[in-house]
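Please have a look at this structure before reading on. The points below cover its side-chain links and one of its helices.

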Amino acid sequence: MHLTLALILLLLGISPAQSHSIKTSLEESPEETDNNTEEEYLSVSDLIERANKNIEESQDGLIIKFGDIVVEDGLQNADKCTSGQPGCKWPREKDKKVYVPYQISNHYGPNEKRIIEDALRSFEKPTCVRFIPRTQQKDYIQIESREGCYSSVGRSGGEQILSLKRDGCIYKHVIQHEFLHALGFHHEQCRSDRDKHIKILYQNVLPGMEGNFKKVDTNNLGTAYDYGSVMHYERDAFTKNGQPTMIPIPNPDVEIGLATEMNANDILRVNKLYCN
């Protein structure tokens, strides 16, 4: 131990055993990332694209498609929860609430855990969904800091990994985005009716990233296409040249993909899928 620190501890009346405990505690607490920056005002797609920049299609034994979605195989192309596949939705209990157990790994510091938990609590007032700390539930979401931001679509069974990389993903709207995936929702620009609302400019898409714009066979729950959804990517997502990869139809000047939190339509869809 450093001599100066030892003298200070001695003067404070702290024993060597206590000082060892303090030192160990400090070493085991992860250094917090600074989340109070201008990055929190960036779009979901900007933040996810940055965080996932170096992520490989196969990550930690998982296959990542559509930028930030874990799929069970490389062929999955449907939003299985809103397409009615059994077992994908989290169950609704007798009290008409939907309890989704989660577990936060020790990768995160106290402030990061607070941001994650605050984002999860943002579902409570407007919906019937309750994210609860796991006790012994078999099916649960394991939140870890892996190489990027990503999630499965809906309940996959057992432990399902939802990655929130400490350096890049700990923002309210990114967390909401990933947990909306975990509840069963896909990206807005991949909706089955998207061609009526946006045009994909593949000539501007980074080579190898075209799959992020693949259209999905979704049940849209009777809700309108929403450029302001937290699930919509920005107009230049995955651009190779700074030019737009998506243009709204018929008005090309409409803002898209700039949500900084869930909007009324995102909440409506959760309620239609789980709560009504």
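The points that follow take the disulfides, then the salt bridges, then a helix.

1. A word on the source. This is a predicted model. Read each distance and angle below as a value computed from that predicted model.

2. Disulfides overall. The whole structure holds two disulfides. One joins Cys128 and Cys275. The other joins Cys149 and Cys169.

3. Cys128 and Cys275. The two sulfur atoms are 2.1 Å apart. The angle about the S-S bond is -85°, and the link is left-handed. Where do Cys128 and Cys275 lie? Cys128 is in the loop between α4 and β5, while Cys275 is in helix α6, residues 264-275. The two cysteines are 147 residues apart in sequence, so the bond ties together parts separated by that stretch. Both Cys128 and Cys275 are buried.

4. Cys149 and Cys169. Here the sulfur atoms sit 2.0 Å apart. The torsion about the S-S bond is about -90°, so this disulfide is left-handed. Cys149 belongs to strand β7, and Cys169 to the loop between β8 and α5. The pair links distant parts of the chain, 20 residues apart. Cys149 counts as buried because its relative accessibility is 0%, below the 20% cut-off. Cys169 is buried too, at 0%.

5. Another buried cysteine. Cys190 has a relative accessibility of 0%. Cys190 therefore counts as buried, the limit being under 20%.

6. Salt bridges overall. How many salt bridges does a search of the whole structure find? There are 12. The next three points pick out some of them.

7. Arg166 and Glu112. Their side chains meet in a salt bridge, with N and O 3.0 Å apart. Arg166 sits in the loop between β8 (159-164) and α5 (172-183). Glu112 sits in helix α4. The two residues are 54 apart, and the pair links distant parts of the chain. Are these charged partners buried or exposed? Arg166 is buried, with a relative accessible area of 16%. Glu112 is buried as well, at 0%.

8. Asp139 and Arg155. The closest N and O atoms of this salt bridge are 2.7 Å apart. Asp139 lies in the loop between β5 (129-133) and β6 (140-144). Arg155 lies in the loop between β7 (149-152) and β8. The pair therefore ties together parts that are 16 residues apart in sequence. Asp139 has a relative accessibility of 19%. Arg155 has a relative accessible area of 19%. Asp139 and Arg155 count as buried because the cut-off is under 20%.

9. A network. Glu188 and Arg191 form a salt bridge, 3.5 Å from N to O. Both residues are buried. Glu188 and Arg191 also belong to a network of salt bridges that includes Asp193 and Arg269.

10. The length of α4. This helix covers residues 110-121. Its 12 residues should span 16 Å at 1.5 Å a residue. The end C-alpha atoms are 16 Å apart, which agrees.

11. The buried face of α4. Which residues of α4 are buried? They are Glu112, Ile115, Ile116, Ala119 and Leu120. Seen down the axis of α4, these buried residues fall within an arc of 135°, so they line one face of the helix. They pack against β4 (98-104), β5, β6, β8 and α5. Glu112 is thus a point of return: this buried residue of α4 is also the salt-bridge partner of Arg166.

Methods:
Residues are numbered from 1 along each chain as its sequence is written. This is a predicted model: local features need pLDDT of at least 70, side-chain atom pairs count only at pLDDT 80 or more; totals for chains, interfaces and linings use all residues. Side-chain values use heavy atoms; hydrogens and water are left out. A salt bridge is a side-chain nitrogen of Lys or Arg within 4 Å of a carboxyl oxygen of Asp or Glu. Helices (H or I, at least four residues) and strands (E, at least two) are DSSP runs, numbered from the N terminus. Buried means under 20% relative accessible area, exposed over 50%, partly exposed in between (1.4 Å probe, protein chains only). A disulfide is a pair of cysteine sulfur atoms within 2.5 Å. The expected span of a helix is 1.5 Å times one less than its number of residues. The arc is that of the directions from the helix axis to the C-beta atoms. Contact means heavy atoms within 4.5 Å.
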